[in-house]
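Visitor: Could you walk me through this model? I'd like to begin with what is packed inside.

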Amino acid sequence: MRFLFLLFCVSISIYSQEKKRITGVVVQERNNLPITDALATIEGTGLSTKTDDSGRFELLTELDGPYILNISAIDFVTQRLSVVLEGSDLDIGTLTLRQDVTLEQTDNLVTLTDAQLSDDGETISNASGLLQATRDVFLNRAAFDFSQAFFRVRGYDSRNGQVLINGIVMNQFFNGRPQWNHWGGLNDIVRNQEFSNGLELSPYTFGGILGNTNIDTRPSGLRPGTRLSASASNRTYTGRLMATYNSGLQENGLAYVFSASRRWAKEGYIDGTLYDAFSFFGALEYQFNDKNSVALTAIVAKNRRGRSAPITEEVFELAGNRYNPYWGEQHGDVRNSRERDIFEPVTMLNYYLETENFTLNSGVAYQFGTNARSRLGYFNAPNPDPTYYRYLPSFYINNPIGADFTNADLAREGFLANPQLNWGTLYLANANVANQGKAAYVLYDDTVKSNRLFFNSVANWKLNDVVKLDFGVGYRTLSSENYAEIQDVLGADFHEDIDPFSDTRNDINGELAKTDGAIFNYNYEMDASFFNAFAQGTANLGKWDAFVSTSISSTSYQRNGLFQNERFPDTSLGKSEEVTFSNYGIKGGLGYQLSGRHWLKANGAYLTRAPVLQNIFINPRENNEVVPEIQSETVTSVDLNYFMRLPDLMARLTGFYTRFMNTTDINFFFVDSGVGSDFVQEVITDLDRLHMGFELGVEYRASPTVKLSAVANVGKYIFASDPSVTINFDTAGQEEPINQEGNIDLGIANIKDLKLGQGPQTAGSFGVEYRDPDYWWVGATANYLANNFINISTITRTQSFLLDPDTGERFVDATDENVAKLLQQQELDDFYLLNLVGGKSWLKNGKYMSIFASVNNLFDTQFRTGGFEQSRNGNFGQLQQDNLRNNPTFAPRFWYGFGRTYFLNVAFSF
């Protein structure tokens, strides 16, 4: 508060200085109609204003010297004017903005953000959806070009950025990430965004260190009229239809907007990946007067999508980069055993107070619905996965008693003849009379049925042209039921709800025989709540500007078991202890203008935060056990920035350094280790990660029609500590537990300085764009991505890896040199991608039509976007034996990028 008081005192003296006016009128190029809410900004100063209903703007400033005046508006190409501010007022006159055909490129982006690949234990998540609102050339290239290779800005996971809708944070409790499918397909609506990059201050939230995006869905902020569009693609979906109508603000103060879309594909780029989605949006706004308004919003989006699997290099060489083992034909139709079905509608009500110097946005929201993932369960039956290691040639070649090339050839021929899931075999096995009607195979859903309540209120107070203050409070709750539900017993009479490995009941008090629609295996509730408050102040003091922001928060989690599991009879049923965290954060920034066109800025942050829900309970499906002595994470981050804004040249150079400390991670897998073999939960604690590097973006307007751009990223993302590792065995609750808690402390994992599997750490791009005066444009970008590493297996870096399970002693040949060679982290190949985009627009009789097309990966380059080491070989002897030949049985698994793909969009507005 002392800082804020000082800002206020300083501002009083500065505010008394004589000011000059910068005025102008902003209109559309094609019809000279005024553009409302266009943003006029003096670059590098923080001074900005919006145009009124007549398109007029007025800026008051005491600045002197040469500056760049930036005029921007949604769906229009930004105008940048060189101005010289002297002692008198400056009238810019009438400025015309051209319709931006490239807005269709956001549709292209959504196909990528929707394609985030995830599977149990391994996740690839990119943050490109956070970057749609920015005009920064580096971030645009990261979103539209690098993201197809799952490049992550600064190596961060998307949980480090926040996505808000009408000021309400939409990030999930479970993993901290925004769920794009909640508003997927509503491109016409979500374009009205405000983005703050990295550690920059956001007027809506304290936010994360990656950046923050606020999506404003009020009808008054969207373009009035009707827009129809149709798309065709060969990426995640093959077709899309979208329609939007916005009434505009009427004389009675009402405005409303509706938008709907349908997206579909029998099969996307990856084999067997169906896509079936629809989205609906409706909003009603009422303005009581020019200061007070309310808005009611509803978003209904349903997305069903077939999933794909990471594969080993052996499988890739047999079947190619489009291969997906999760599907097979049934009665002539493609049936994917692993589908994701999300249906979680959200409604919100917001109140807005807007005066010349004060704004208030208070909102409540409610979200409910289900998020289900299907999978095949098999019980005392062979694994149905066609890529199961025993069915592949490498199993016979890597035989410990000698390579069996005859059976390896037979396995190869068998796989090539029948590479997909055989649904008929599953039904046949279930019909076996020996099973007496009991299912050997079951198709079921892992389902999360949740209810979320949100409240948020943010106030922005402009004391004068120098000092601005922001305050906010927010509260979010989650109540979810998590269970497995039988979708199909595949021709059997019933499923027996018993764990096949331990022959124990999953629910002591429930029915043993279950069929379609029944809940089985596990059933528990999860409750979470989050309260936060923040305050921040900014000051513009001539050549200097500064901000400081602080936040406090409280997070709580609790599990309530609904099944009493026979393996954990004392800890599975009922409520767990409540796990609570109290956290705080502070960040600030200081900027200095070398001149009106060159300035420097430094930002820093220190914050603590609660672990996400998925890293609190060790095995929530079966018991209430919490990670022992779990603690808040700590994040420190700084960045240094140089900006250059000339009439024809823009550039940003940023250096960054971030350290994540005391993080926790939980993984699930089967392992043959030096201390036992079983399905385990691996708990990693005291884990630090370090991200450092620089970003460069340069944009040069070579002529009125030609623009050149170049960007570069050089990063170093590594593990910065040797964490502690504990494993919990699935058999821990039985008669002879490993120890009283049922876990084994494996000690320290030696992973410090190994690379994080966070996508390419080096990226470069050069682009050229031509805009013809006759409203067509074409562009090309050449992209280079490198320094990409696979995720490591942590358990193989512990001392248990060195132990012979037969003797309990260290393997004789497990020398430091041999171990280092065996565990060398794999780097993925560098690759180049060439992308083309183009479009054309027409305006006739007040009706606007546009065509947009893009081709990604023009030369059909095959590349791997990421991968991970398998943890099955958890001891030195097994891993060494498996790596004797070129094709290990448990080799790393990889995700492969799309080859040549296209996207075509036609839009019609009136």
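Visitor: Which residues touch the most other members of the largest nonpolar core?

Guide: Of its 29 residues, Tyr557, Phe581, Ile616, Phe617 and Ile630 do, where a nonpolar core is a set of buried Ala, Val, Leu, Ile, Met, Phe, Trp, Tyr and Cys residues joined through side-chain atoms within 4.5 Å, and buried means under 20% relative accessible area, exposed over 50% and partly exposed in between, with a 1.4 Å probe and protein chains only. This is a predicted model, in which local features need pLDDT of at least 70 and side-chain atom pairs count only at pLDDT 80 or more, while totals for chains, interfaces and linings use all residues. Residues are numbered from 1 along each chain as its sequence is written, and side-chain values use heavy atoms, with hydrogens and water left out.

Visitor: Which strand gives the largest share of this core?

Guide: That is β31, with 6 residues; strands here are DSSP runs of E of at least two residues and helices are runs of H or I of at least four, numbered from the N terminus.

Visitor: And what is Ile616 in contact with?

Guide: Leaving aside neighbours within four places in sequence, the contacts of Ile616 include Tyr557, Phe581, Pro611, Val627, Ile630 and Ile666, contact meaning heavy atoms within 4.5 Å. Apart from this core lies another, of 26 residues, among them Val137, Ala149, Phe151 and Val153.

Visitor: Switching to Leu833, is that residue buried or exposed?

Guide: Leu833, which lies in strand β44 (residues 831–844), is buried, with a relative accessible area of 2%. Its contacts beyond four places in sequence include Gln148, Leu785, Phe863 and Thr781, and although Thr781 is 52 residues apart from Leu833 along the chain, their C-alpha atoms are separated by 8.2 Å.

Visitor: Now helix α7: which of its residues are buried?

Guide: They are Ala408, Ala411 and Phe415. They cover an arc of only 60° around the axis, taken from the directions from the helix axis to the C-beta atoms, which puts them on the same side of α7. On the other side, Thr406, Leu410, Glu413 and Ala417 are exposed, and what covers the buried residues includes α5 (313–319) and α6 (393–397).

Visitor: Last one, what is the strand order in the open sheet of 4 strands?

Guide: The order is β3-β2-β5-β6, with antiparallel pairing, two strands being paired if DSSP finds at least two bridges between them. β3 (47–50) and β6 (79–85) stand at the edges with a single partner strand each, so one side of each is left without a neighbour in the sheet. Strand β5 (residues 65–72) is joined to β6 by 7 bridges, and Ile68 has Ser82 in β6 as its bridge partner.
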